[in-house]
Amino acid sequence: MSDIVISLDNVGKRYTLRHQGKSERYVALRDVIARQAAAPFKAIGEKMRIWNRTNGSHPNGSSHPPSNGAVEDFWALRNVSFEVKEGDVVGIIGRNGAGKSTLLKILSRITEPNEGRIRIKGRVASLLEVGTGFHPELTGRENIYLNGSILGMRRAEIKAKFDEIVAFAEVEKFLDTPVKRYSSGMYVRLAFAVAAHLEPEILIVDEVLAVGDAEFQKKSLGKMHDVATGGRTVLFVSHNMAAITSLTRRSALLRAGHCVYFGETQDAVGRYLDSIRSQESRYEASPNHGIPSIARVEVFCSQSGSVHESGAPMRVEFDLYHPEPIPSACLKFQMVNQAHVPVLHFRAFDHPIEICKGSGTTKVVCHIPRLNLNVGQYSLTAYFSDPPGGQCYQHLEAVCQFRVVILNKTTLWGWRPEACTYHEEAEWRAAS
Amino acid sequence: MHELLIEPGRTEKNYWGDLWRFRELFYILAWRDISVRYKQTAIGVIWALLRPFLAMVIFTIVFGRIARMPSHGIPYPILVFAAMLPWQFFANALSEASQSLVVNERLVSKVYFPRLIIPAGAVITSLVDLLISAALLAVLMIWFRFLPDWRLLTLPFFTLMAFLAALGPGLLLTALNVKFRDFRYVVPFIVQFGLFISPVGFSSDVIPQQWRLLYSLNPMVGVIDGFRWAICQGGTGEFYLPGFALSMLVVAVFLFSGIWYFRSTEKSFADVI
């Protein structure tokens, strides 16, 4: 009977959103004073009226203090409960904004929950980023000590592991060079190496495997595998379903701040893939009048359920809303794979089509005769501006999820998402 | 086994234990700040000497030569420098500490450790500058053939007091600066203004007797008087004990309110920074 080392009981985290045009990350004292002072004297002064309008509060809502219209609670995490046993390796999956990072931040005590309670038995080390605290002016050697201490290692521990870390990172020759002169590959290798040699009882890891070149990624996955099978308790967040499946046995699936499933990784991953498949083959938003925007994006795949057979034609449609003519409107989009790497880039402005000439909505269609993407999950990033590189009206990310499969190729050997990004048609001959 | 309970509004009981556990981080962050500070500067660590030295020269000319303030037979440069040491430390500590969390935003939002370490580390870094400038004081003493007496041995105590005097307001301003970036503009003002309401360029016995107690509400008055007393053979008039006690009290009040405010807002730093 194994012990429960992490138990979450109805954990919730609330953020307060302030609608003030652009989201502010910090407040100025002046605003706080102004807000306090404005409450009783709301109607006076032109300045105050402008201020209220930008806050989005109701013009006739004199019974409300202005903050009512401007502040909204947002639960990044709510009623999340699960238990992790000693030695378990647990994955945490979910779409962007599902609350994964918030959960990790709470577990690693970077931020505090607003409700619920968590019990953790054992020493926790968390790795939300590689190379936290690395200082560019310091040498590799110095940064190993610095980063190690920040992650909670003792000096003696770092000393004992020093050679191992250096060997793992393959930076022996550059130990006494400031890391600002490192190549970015060396930098992340060193950073990962320090982190990988942490030896806490509980390890919390966020998406750190996506560093370095392919060979190093393999090595870091291997290291993670050692950690995972070494009897340590690990919580592991990733968008890389292949890594989740190979490293973890149980997973928590988060959706909109709730833990919708906790159990076998296979099931969790299946549900996750289902959820992103069925929902999002189409993006639609009602235009905000007066501001040009992308009203619709839709991907037409070769098969139903947003599944596309590699090599088949594909059509992508856009509805662009423009209240006035836009002389040199620019529309472009990318196809992004599940490792968040843009694989293809399509630019409407390279083609002699006229868009956004009148006022109203322009429908733009992009026809791709043969889309030879490798298998995997893809999404679109769309960008609408005037002119190219100029004022950006809208930048949509991760819309129109679709899945590429290869079914008709006459071979036993399947394709894996990490094999490549794109297929090119080729002719093979055997010359005897 | 180490057990941890995370709940809203709970200030864990092992906070101070954690602080102890992370003590190496203190040292290593202070070391990082020191070793990085003078990288890519032509004259390097001389900056740490040059700034107080030039300030001392100007103060000696303005207050010693032009205003002819009393010096009780002590060479005016030494009189000024004895005060310049704690004042520069206080000013540096306050500005460095108040910016420290904002500068180390990545650390705050990605790793847990007792946040107190960062501003406290910044104050410690300034302490190193104090030690470097103390070497300059030794040179001045040799130059003016001025020998301190046994009172010099009490200097560590006053240094500790200076440390605490800087730490309290430092923590308060650090925590406030995370939420209200206004304090970025307040701190230079405090530092500039404070120089003139602290007895740096002159001995504090030029203040009329009836105002001295009020004057000692400025915690740096006690610290500077202490430094002068220890360094200048106690020779700047009588040591004004009630004022010193009041300054100590103000230091303690700032320290406790600083720690209290810092601790109570610490949990939300990662959200608002």
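This is a short walk through chain B, its contact with chain A, and one sheet in chain A.

Okay, quick housekeeping. What we have is a predicted model, where local features need pLDDT of at least 70, side-chain atom pairs count only at pLDDT 80 or more, and totals for chains, interfaces and linings use all residues. Residues are numbered from 1 along each chain as its sequence is written, and chains are lettered from A and ligands numbered from 1 in the order in which they are written.

Let's start with chain B. It has 12 helices and 1 strand; helices here are DSSP runs of H or I with at least four residues, strands are E runs of at least two, and both are numbered from the N terminus. Along the sequence the strand comes up front, in the pattern β-α-α-α-α-α-α-α-α-α-α-α-α. Of the 273 residues in chain B, 44% are buried, meaning that 20 or more other C-beta atoms lie within 10 Å of the residue's own, with 12 or fewer called exposed, anything in between partly exposed, and C-beta atoms placed from the backbone. Take contacts in chain B between residues at least 6 apart in sequence: 84% of them join residues at least 24 apart. A contact means C-beta atoms, placed from the backbone, within 7 Å.

Now helix H11 of chain B, residues 241-266. It has 26 residues and reaches 37 Å from first C-alpha to last, close to the 38 Å expected at 1.5 Å a residue; the expected span is 1.5 Å times one less than the number of residues. Its buried residues include B:Gly243, B:Leu246, B:Phe254 and B:Gly258. What covers them? Among the elements doing that are helices H7 (155-179), H9 (212-215), H10 (219-231) and H12 (269-272) of chain B.

Look at H7(B) first. Its axis comes within 8 Å of that of H11(B), and the two cross at roughly 35 degrees. For the record, axes are lines fitted to C-alpha atoms, for helices over the stretch in contact, and angles run from 0 to 180 degrees between N-to-C directions. The contact includes B:Leu164, B:Gly168 and B:Leu172 from H7(B), and B:Phe254, B:Gly258 and B:Phe262 from H11(B).

Then H10(B). All of it is covered: 13 of its 13 residues are buried. Why do we call its length as expected? Because 13 residues at 1.5 Å each should span 18 Å, and the end C-alpha atoms are 19 Å apart, which agrees. Just after H10(B), B:Gln233 takes a positive phi of about 55 degrees.

On to the interface. Here 37 residues of chain A are in contact with 29 of chain B. On the chain A side, helix H4 (100-107), strand E4 (115-121) and helix H5 (140-150) each give two or more residues, and E4(A) gives the largest share, 6 residues. E4(A) also runs antiparallel to strand E1 (residues 3-6) of chain B, joined by 4 bridges, with A:Arg119 opposite B:Leu5. Strands count as paired if DSSP finds at least two bridges between them.

Last stop, chain A. There's an open sheet of 4 antiparallel strands in the order E10-E11-E13-E16. Which strands are at the edges? Those are E10 (282-284) and E16 (360-368) of chain A, each pairing on one side only. Inside the sheet, E11 (residues 293-300) and E13 (residues 314-322) of chain A pair over 7 bridges, and A:Val297 stands opposite A:Phe318.

Definitions and conventions:
Contact = placed C-beta atoms within 7 Å.
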